[in-house]
Amino acid sequence: MKAYEKLLLENKAWASEKVADDPDYFNRLAHIQTPEFLWIGCSDSRVPANEITGTQPGEIFVHRNVANMVVHTDLNLLTVLEYAVHHLKVKHVIVCGHYGCGGVKASMTQHNFGIINKWLRNIKDVYRYHRDEIDNIKDEESRVNRMVELNVQEQVMNLAKTSIIQKAWKQNQFPHLHGWVYGLKDGLIKPVFEMPAGTHIDPLYEFDDL
Ligand code: CO
């Protein structure tokens with residue numbers, strides 16, 4: 001059996017197990033999608049949103065990219081955000097990074113990664129804002145891990161700078177924004193940053209006509 005065929009076989013087994021447990025399972029799910037959470041996570045295969053949070057299909061709306069970035073020109077991210085916030089009306093947006101993130105690590109080097117450089121540039125900017133703090137950490141692993149935390153914090157702040165979030169805060173007093181970091185070594189999530197709905201940011205980024 002080819003490796004990918006195993007996935008299809010596992011899928012069949014999973015689907016019949018679900019139906020055996022609850023004959024109406026797929027019928028019900030097909031007709032509702034009311035997740036309370038939007039998850040913006042890293043594409044890393046070791047950080048599956050549903051599995052590590054014990055959530056079921058239908059409970060989390062998920063967007064993943066390399067190093068869980070919120071880039072304000074990323075149409076993909078903005079579409080997910082707009083849909084989750086203004087149509088699904090999620091109550092919480094979670095940016096979840098993870099310690100030992102390869103994307104963050106790569107951004108801290110001078111290596112040329114070709115087209116990937118353009119994405120990593122956004123993370124390099126986070127390093128530059130916090131250069132004094134990061135450069136003062138002696139151990140390399142700790143340096144990367146602190147950058148992971150600061151990157152998550154920065155991406156949460158990037159969310160708050162979007163008109164999508166600001167409009168929702170004004171109209172609905174939702175969603176709350178959370179910055180979390182997942183530990184590959186112990187499986188635990190550490191909350192590192194939070195912005196409750198309505199938090200004021202640098203007025204330079206606050207729109208006045210929402
Ligand atoms: Co990563």
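This is a guided tour of the structure, stop by stop, with a note on what to select and what is found there.

The model is a predicted one, in which local features need pLDDT of at least 70 and side-chain atom pairs count only at pLDDT 80 or more, while totals for chains, interfaces and linings use all residues. Residues are numbered from 1 along each chain as its sequence is written, and side-chain values use heavy atoms, with hydrogens and water left out.

**Domains**

Begin by colouring residues 1-32 as domain 1 and residues 35-199 as domain 2, following the domain assignment of the chain (the bounds come from an automatic or database domain assignment). Taken over C-alpha atoms, the centres of domain 1 and domain 2 are separated by 30 Å.

**The cobalt ion**

Next, select the cobalt ion together with C42, H98 and C101, which coordinate the ion through SG, NE2 and SG respectively, at 2.1 to 2.3 Å. Donors here are N, O and S atoms within 2.8 Å of the metal (3.2 Å for Na, K and Ca), and since water is not among the atoms, sites may look incomplete. Along the chain, the donors of the cobalt ion follow the spacing C-x55-H-x2-C. C42 lies in strand β1 and H98 in strand β3 (residues 92-98), so this pair ties together parts that are 56 residues apart in sequence. Helices (H or I, at least four residues) and strands (E, at least two) are DSSP runs, numbered from the N terminus. C42 is buried, with a relative accessible area of 5%, and H98 is buried as well, at 0%; buried means under 20% relative accessible area, exposed means over 50%, and partly exposed lies in between (1.4 Å probe, protein chains only).

**Aromatic pairs**

Now show the side chains of Phe, Tyr and Trp, whose rings (for Trp, the six-membered ring) pair if their centres lie within 6.5 Å, with planes under 30 degrees apart counted as stacked, over 60 as edge-to-face and the rest as tilted. By this rule the count comes to 4 aromatic pairs. In one of them, the rings of Y25 and F26 have centres 5.0 Å apart and planes at 85°, so the pair is edge-to-face. Y25 is buried at 10% relative accessible area, whereas F26 is partly exposed at 33%. Another pair consists of W39 and W180, whose ring centres are 6.4 Å apart and whose planes stand at 80°, so this pair is also edge-to-face. The pair links distant parts of the chain, 141 residues apart, since W39 belongs to strand β1 (residues 37-42) and W180 to strand β4 (residues 176-182). W39 is buried at 1% relative accessibility, while W180 is partly exposed at 21%. To finish this stop, select W14 along with Y25 and F26, which form one aromatic cluster.

**Charges over rings, and a cis peptide bond**

Select K91 and F174, where the charged end of K91 sits over the ring of F174, 5.0 Å from its centre. The term requires NZ of Lys or CZ of Arg to be within 6 Å of the ring centre and within 35 degrees of the ring normal. While F174 is selected, add P175, because a cis peptide bond joins F174 and P175, with omega about -5°. P175 itself is found in the loop between α9 (163-172) and β4. A further charge over a ring is that of R131, whose charged end sits over the ring of Y127, 5.4 Å from its centre.

**Helix α6**

Y127 leads to helix α6 (residues 116-129), where L120, I123, V126 and Y127 are buried. The helix has 14 residues and reaches 21 Å from its first C-alpha to its last, close to the 20 Å expected at 1.5 Å a residue (the expected span is 1.5 Å times one less than the number of residues). Centre the view on N122 to find a kink of about 30° in α6, the bend at a residue being the angle between axes fitted to the seven residues ending there and the seven starting there.

**Two loop residues with positive phi**

Select A67, in the loop between β2 (60-65) and α4, where phi is near 70°, a positive value in a residue other than glycine. A67 is buried, at 0% relative accessibility. Then move to K89, in the loop between α4 and β3, where phi is near 55°, again positive in a residue other than glycine. K89 is partly exposed, with a relative accessible area of 45%.

**Two distances to draw**

Finally, draw a C-alpha to C-alpha distance between E149 and Y99, which are 50 residues apart along the chain and separated by 8.2 Å. E149 is in helix α8 (residues 140-160) and is buried, with a relative accessible area of 13%. Draw another from L75 to D125, which are 50 residues apart in sequence and 20 Å apart in space. L75 lies in helix α4 (residues 75-87) and is exposed, at 64% relative accessibility.
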